[in-house]
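Biologist: I have a model open and want to go through the ligand site. Can you take a look with me?
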Amino acid sequence: MRFPDYFRNAAKPVISFEVFPPKTDKAFESLKTILPELLALHPSFMTVTYGAMGTTQARTLEIAALIKREYKLETASHLTCVGASRTQLDEILANLARHEIHNIVALRGDPPAGQDEFKPPPDGLAHANELVAHIRGWCERTGHPRFGIAVAGYPEKHVQAPDLAADLRNLKRKVDTGADVVVTQLFFDNADFFRFVDDARKLGITQPIVPGLLPIQSGKQIQRIASLCGSKLPEPLLKELQAAGEDDERCTQIGIEWCAIQVKELLAKGAPGVHFYVLNKARHMREIMARIA
Ligand code: FAD
């Protein structure tokens with residue numbers, strides 16, 4: 001199945017999980033033991049992120065193909081413009097097609113470590129809308145059936161965008177070029193998501209917009225991630241996390257509570273589903289899924 005199939009006339013919310021390809025063999029083996037636990041929670045599909053460079057890129061495909069082959073669950077591979085020429089992107093697309101991966105989360109990617117600004121690689125692409133166009137063009141050239149394509153949306157704006165309006169216009173370019181669905185950056189205040197969806201609809205974006213949520217597992221870690229992503233932690237949540245300090249078990253419980261409350265409100269107010277950044281762990285997801293059942 002492709003992304004649009006999940007959201008068309010869906011009888012229940014579309015729940016998806018995102019995992020990342022581990023850097024070490026040990027962590028990779030550990031992920032393999034966690035996958036069955038995540039799959040037991042019955043997500044509609046899973047996505048696998050794409051590293052900046054090197055071995056984790058090959059692992060993206062390996063994990064996406066493994067989930068599909070061993071567990072018969074549909075997967076999406078993330079793909080970025082980082083470090084790849086158009087020819088290399090074509091090779092990656094052919095590889096995805098060969099492994100029957102039907103869905104792609106198409107992204108620009110972040111600048112490689114040590115660089116402040118994103119510079120398109122030689123004969124490469126500068127923005128995610130160009131990647132969406134490239135994927136669509138490749139399918140036309142090769143006669144491959146359309147990939148399902150998701151793109152990123154930013155309820156609190158992308159960190160490099162001058163303002164929310166400019167960022168939304170750039171999101172519109174991505175969907176106008178052929179993206180099927182928008183998955184958002186993590187956020188902790190649902191008001192940001194609802195305003196973002198309203199603004200997107202006013203601009204003529206009609207595709208499903210799926211909230212992306214990251215359940216907190218550590219106070220320190222979330223403050224670092226949130227600041228990198230430009231996502232704010234609401235004052236009451238921040239206070240709770242500060243009181244918990246380095247007690248990760250307490251932070252995880254706070255994260256579970258907060259996330260479950262967010263999910264319930266999002267779904268009650270019409271979100272088509274939720275995409276969870278599970279950070280390759282299952283226990284907290286079991287608790288969240290039980291609370292939102
Ligand atoms: P773009 O849509 O290209 O936007 C980047 C910036 O440029 C924005 O400020 C935008 O407003 C602006 N812009 C967009 N198009 C244009 C244009 N045509 N002209 C001028 N300005 C433009 N990163 C990874 O490395 N690997 C992953 O697997 C990964 N998965 C992610 C999944 C999700 C759901 C999300 C939300 C993010 C993910 N990221 C991932 C992070 C992402 O790569 C970064 O946020 C990156 O900085 C921007 O990617 P983008 O696709 O949004 O880029």
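Biologist: Which atom in the side chain of Y154 is paired with the ligand, and at what distance?
Modeller: An N or O atom in the Y154 side chain sits 2.7 Å from an oxygen atom of the ligand. That is a polar contact, meaning a pair of N or O atoms within 3.5 Å. Bear in mind that this is a predicted model, where local features need pLDDT of at least 70, side-chain atom pairs count only at pLDDT 80 or more, and totals for chains, interfaces and linings use all residues. Residues are numbered from 1 along each chain as its sequence is written, and side-chain values use heavy atoms, with hydrogens and water left out.

Biologist: What does the polar side-chain atom of H78 lie 3.0 Å from?
Modeller: A nitrogen atom of the ligand. R108 uses a polar backbone atom, 2.9 Å from a ligand oxygen.

Biologist: How much of the ligand's accessible area does the protein cover?
Modeller: 86% of the 980 Å² that the ligand has on its own, by the Shrake-Rupley method with a 1.4 Å probe.

Biologist: Which residues come nearest to the ligand?
Modeller: Y50, D110, Y154, D167 and K174, out of 23 around the ligand; a residue counts if one of its heavy atoms lies within 4 Å.

Biologist: Which helix gives the most to that shell?
Modeller: α6, with four residues. Helices here are DSSP runs of H or I, at least four residues, and strands are runs of E, at least two, numbered from the N terminus.

Methods. A polar contact is a pair of N or O atoms within 3.5 Å; within protein, one must be able to donate a hydrogen and the other to accept it, and residues adjacent in sequence count only if both atoms are side-chain atoms.
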